[in-house]
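Subject: Handing over the structure

Hello,

Here is the structure I promised to pass on to you. Please have a look at it first, and then read on for what turned up in it.

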Amino acid sequence: MFCKSCGKKNQDGLMYCEYCGTKLSSSKQAVTHGQSMSSGNMGTHSSQINTPVSNMYSGQENNVNQKPKSNTGLILGIGAVVVLICIVAGVSSGRSANQGTDYSDENEYQEYVDAAYDEYGTNADYEESQQGTETSQEMLTKAQKYASEKQYYTAVKLCNDIAQGDKNYDKAQQMAQQFTQESRQMVMDSVTEELNKLKSNGYYDGAILTLNNYIESYSIDELMDMQLLYDLRETLRDEYVQFILQTVEGLKAEGDYDQAYEVIIKAQELVPERAGQLQTEADALDIKHRPRSIADFETYIDNEALQTLHPTHDVDALGNEHSVRAWITYYEFLDHYGDVKVGLDGVYTRYKGTVYVHKTEKFNESKVLQFQMIGDGQVLFDTGIIGITSSPCEFNIDVTGVQVLELKVIPGDPSIQSTVYIAEDLFS
């Protein structure tokens, strides 16, 4: 049979549960049956009272020779009851100490769980909660210390390690965001400071390369917002283009158009994203269009009279130094008639420079000549009669729309070689 209290199975015939000491239902039936038997006996005794006296006496006569019954059984029964009571008390005590370990009744088990939680669980949870709060607070303190030392990566990691649901979780997330922003600002301040130093010294190309290196190195930084660096690069590229254009204008003002062209090409290679913005200026400075010396033209209508060379320093008869790129000679004996024509194709507007008569041993102070520039048949410049003792003649003529420019030496004595030097000349 099964105990209704603890659910354990007991042997048939037991009055009390051998596990929890609860009286078994079958034992109750046994007691009831015993009481019925007692009542039956009483009925029997009553009937015996009504029986004839002779019968009673006859019964007694039958027992006259029997020995009186012993009290040993009664004593043993009382002892057994005492032992059973002790066992029941011990089992009940054990059940109280180990309550909840073995229940078949779900409601009764839940009552045990609730009771145990009220007695032990609340305090345990509280202590665990307090311990967690103290640990997370220590982590936040350490994070603040690391952040003060600019070790933002460690500081943010400590904040992010605090679990969701912790008392300090929201505070940790706010601190992580703050440290992340401080880290980004520190990087941007450092990068901007270095770039400004380079730009202030005119090293824009170095600034571009430096920023590209920063972008590559910070691309794996979890805290860095790369868009900040990308935006900074776009701004720097725009500044670089303006710097290049200003540099080109300065070189053009100095007449160094070749260098200006090289600067443009180099800039396009460094920032190909801005090549289109620089292309217009590059076209203006291209070999077909950029201003240059008469010596830079590749074809001439009569190039026998024109001698070209790389810039060469020369001194005129008055001791003035010049950078000479070409000279034109009239020498009848060699069929050099001092007449050179060059195609401008209408792409230039001005032509300036200096001309003078070169001092040679063959010349004497009486040696004279005349030099003219003729654009599409119209005289644009005329030196008049000049000699080796004459001052250099500067020219700055308008060649707008001129297709063909003619440079002509007219000798004073056709039998003698006459040469004009062209110095510091520049088309624009």
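As you open it, please keep in mind that this is a predicted model. A good place to begin is the sheet: it is an open one of 4 strands, arranged in the order S4-S9-S6-S7, and the pairing is antiparallel. At its edges you will find strand S4 (339-343) and strand S7 (378-387), each of which pairs on one side only. From one strand to the next, the twist averages 10 degrees.

Strand S9 (residues 404-411) is worth following through the sheet. S9 runs antiparallel to S4, and 5 bridges join the two. To find this pairing on your screen, look for Val342, whose bridge partner in S9 is Leu405. S9 also runs antiparallel to strand S6 (residues 368-375), and here 7 bridges make the connection. For this pairing, a handy marker is Gln370, which has Ile410 in S9 as its bridge partner.

Next, please turn to the helices. Helix H5 (residues 152-160) and helix H6 (residues 169-200) have axes that come within 8 Å and cross at roughly 165 degrees. An angle over 145 degrees counts as roughly antiparallel, so that is how H5 and H6 lie to each other. The crossing in which H5 passes H6 is left-handed.

Which residues in H5 and H6 meet? From H5 they are Tyr152, Ala155, Val156, Cys159 and Asn160. From H6 they are Ala172, Gln173, Met175, Ala176, Phe179, Thr180, Glu182, Ser183 and Met186. Sorted by class, this contact of H5 with H6 has 9 nonpolar, 4 polar and 1 charged residues.

Finally, a word on charges. Side chains of opposite charge can pair when their charged atoms come close. The structure holds 9 salt bridges. One of them is a salt bridge between the side chains of Glu193 and Lys197, at 3.9 Å from N to O. Glu193 and Lys197 are 4 residues apart in helix H6, so about one helical turn separates them.

If you would like a short route through the model, you could start with the S4-S9-S6-S7 sheet, go on to the contact between H5 and H6, and end at the salt bridge of Glu193 and Lys197.

Enjoy exploring, and all the best!

Technical notes:
Residues numbered from 1 in each chain as written. Predicted model: local features only at pLDDT ≥ 70, side-chain atom pairs only at ≥ 80, totals over all residues. Heavy atoms only, no water. Axes fitted to C-alpha atoms, helices over the stretch in contact; angles between N-to-C directions. Parallel < 35°, antiparallel > 145°, perpendicular 65-115°, else oblique. Left-handed = near helix turned anticlockwise from the far one by under 90°. Contact = heavy atoms within 4.5 Å. Nonpolar A, V, L, I, M, F, W, Y, C, P; charged D, E, K, R; others polar. Pairing = 2+ DSSP bridges. Salt bridge = Lys/Arg side-chain N within 4 Å of Asp/Glu carboxyl O.
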